[in-house]
Amino acid sequence: MRHIKVLAFALCASLFLAGCQETPDRVKENMETYGDNPQVAATEITYCSIDDLREAKITGMGSGNLVLPEDVDFSAIEGIDVLHMKIEDGFLNDKNIEKYTSMFHMDKEKFAEGEAPGYGRRVYYDGGEGDDYMDIWENGGMAYMAGQAAGSGTSTVEAEYRLDQDDISGVSIDFPSGPVGLPKLCQEIEEWLDEGMPIDGVSHKISDVAVRKQEGSGKETLSMCAEYEYKGIRFNYHASPIFGEDILEGNNTDLITTYLMTEMDFENPILPSFFTRNESFSIESSEPVTQVVDFESAVRIVEKTMSGFGSFYIQEILPLYMPYTVEHCKMPGKKMEARPVYAFLTKGEEEGEPDRGIMKLGRYGHFFLVDMVTGELTTDLELERKG
């Protein structure tokens, strides 16, 4: 038998939390007395192999207080590890500056040096309105905008696709040079990212696509939001980060996928006209896990721990790597540990703004994260979310 620990957090204000749902008053009241709640009992945990996990089904699970989706799919999992990672700390070397300025057809001799608060040193070119812009940071972060493209923030969404749910096999994009199948475009941009922005052991996967029309010019663009994947499991870009003073003994949840996206002009789909990522990282070591908390135990943990706190409608259940860090920042050299979790994600009460259509953080309400190794439950339920 194992006692389940619900972790309490304080949340710093963040751009990414806009649009998230607010915790109902009765739930907050219950959470305040959580430690005295007699309904929270020790939950028996059983384990399974990775092969067994791939076959997990949701049939017959769920109760009155926990409404689950129709199915889960863990079939893509190749292996599970606890990952020890580090944000890049020497990215601004001559080789990288030459590589990335050449990739985007920029003249490196025109770049200036400076500081990016919270990200380390930077080199950048900003020729002013109508000119290309590029920024490269010491931590591996990068931004490129062709012709000072404003990106997705000044456009309207004409069509949107979620690759984990929508069948795009028959979807094509009508470029001036002729139609191109969306699956082919997604594959090409994934290959471009893997080859041009390599992270050893990690692949880039397009998760969301939006066809946009730029305001003013009427130019059509294709935005693609990417996620990092390791052995068939994505890194968290779903549950909002939680950080602050003395949280979880200094181990805060973090994100390393924010603003990993590209945008292509219909007029020139060969090279992205917009690219951004907040940092890069490396996996320094990994600890393979052969037996994990089985899915049925994960469901029981969430059910029993949250019984008495009302009903929760779970929109999606996903395997994710959740990065934890002693200090929330994006500074070069920061260490992180990424742990495998079952992520139970509730639907947000309000739809995200159109320009956030391909950002998953505006899509969900609350989360319940069950550690696949220890069975510990992390939830943000006690936090009052304000848009």
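The legends below describe several close-up views of a predicted model.

**Figure 1. A salt bridge within helix α4 joins Lys184 and Glu188.** In this view the side chains of Lys184 and Glu188 meet in a salt bridge, with a nitrogen-to-oxygen distance of 2.4 Å. Both residues belong to helix α4, which runs over residues 182-196, and they stand 4 residues apart, about one turn of the helix. Lys184 is partly exposed, with a relative accessible area of 47%, and Glu188 is likewise counted as partly exposed, at 36% relative accessibility. The pair belongs to a structure that holds 16 salt bridges.

**Figure 2. Lys86, Asp89, Glu284 and Lys335 form one network of salt bridges.** The side chains of Lys335 and Glu284 meet in a salt bridge of 2.9 Å, taken from N to O. Lys335 lies in strand β21 (residues 335-347) and Glu284 in strand β18 (residues 281-289), so this pair ties together parts of the chain that are 51 residues apart in sequence. Both partners are partly exposed, Lys335 with a relative accessible area of 49% and Glu284 with one of 42%. Salt bridges that share partners join these two residues with Lys86 and Asp89 into one network. Within that network, the side chains of Lys86 and Asp89 meet at 3.3 Å, N to O. Lys86 counts as buried because its relative accessibility is 18%, below the 20% cut-off, whereas Asp89 is partly exposed, with a relative accessible area of 40%.

**Figure 3. The largest pocket has a lining to which several strands contribute.** The volume of this pocket is about 710 Å³. Its lining is made up of 28 residues, and those closest to the pocket centre are Asp73, Asp164, Glu316, Ile317 and Leu318. Strands β12 (203-214), β13 (220-230), β14 (233-235) and β20 (312-325) each supply at least two residues of the lining, and β20 gives the largest share, with 6 residues. Sorted by class, the lining of the largest pocket holds 13 nonpolar, 6 polar and 9 charged residues.

**Figure 4. Asp131 sits in a loop and makes a polar contact with Tyr125.** The loop that carries Asp131 lies between strands β6 (120-126) and β7 (133-137). A polar contact of 2.6 Å joins the side chain of Asp131 to that of Tyr125. Asp131 and Gly147 are separated by 16 residues in sequence, yet their C-alpha atoms are 4.4 Å apart in space. Asp131 is partly exposed, with a relative accessible area of 26%.

**Figure 5. His105 and Lys231 are loop residues with positive phi values.** Most residues other than glycine have a negative phi. The phi of His105, by contrast, is positive and near 60°, and this residue lies in the loop between helix α3 (94-103) and strand β5 (112-116). At 67% relative accessibility, His105 counts as exposed, because its value is over the 50% cut-off. Lys231 also has a positive phi, near 50°, and is placed in the loop between strands β13 and β14. With a relative accessibility of 33%, Lys231 counts as partly exposed.

**Figure 6. Helix α5 is largely enclosed by the rest of the structure.** Helix α5 covers residues 295-306, and its 12 residues reach 17 Å from the first C-alpha to the last, which is close to the 16 Å expected at 1.5 Å a residue. Of these 12 residues, 10 are buried, so the helix is largely enclosed by the rest of the structure. The buried residues of α5 are Phe295, Ser297, Ala298, Val299, Arg300, Ile301, Val302, Glu303, Thr305 and Met306. Just after the end of α5, Gly308 takes a positive phi of about 95°.

Technical notes
Residues numbered from 1 in each chain as written. Predicted model: local features only at pLDDT ≥ 70, side-chain atom pairs only at ≥ 80, totals over all residues. Heavy atoms only, no water. Salt bridge = Lys/Arg side-chain N within 4 Å of Asp/Glu carboxyl O. Buried < 20%, exposed > 50% of the residue type's maximum accessible area, 1.4 Å probe, protein only. 1 Å grid on protein atoms, 1.4 Å probe; cavity = no way out; pocket = protein on both sides within 12 Å on 5 of 7 lines; lining within 4 Å. Points joined across faces, edges and corners; volume = space filled by probe spheres on them. Nonpolar A, V, L, I, M, F, W, Y, C, P; charged D, E, K, R; others polar. Polar contact = N/O pair within 3.5 Å; in protein donor to acceptor, adjacent residues only side chain to side chain. Expected span 1.5 Å × (residues − 1).
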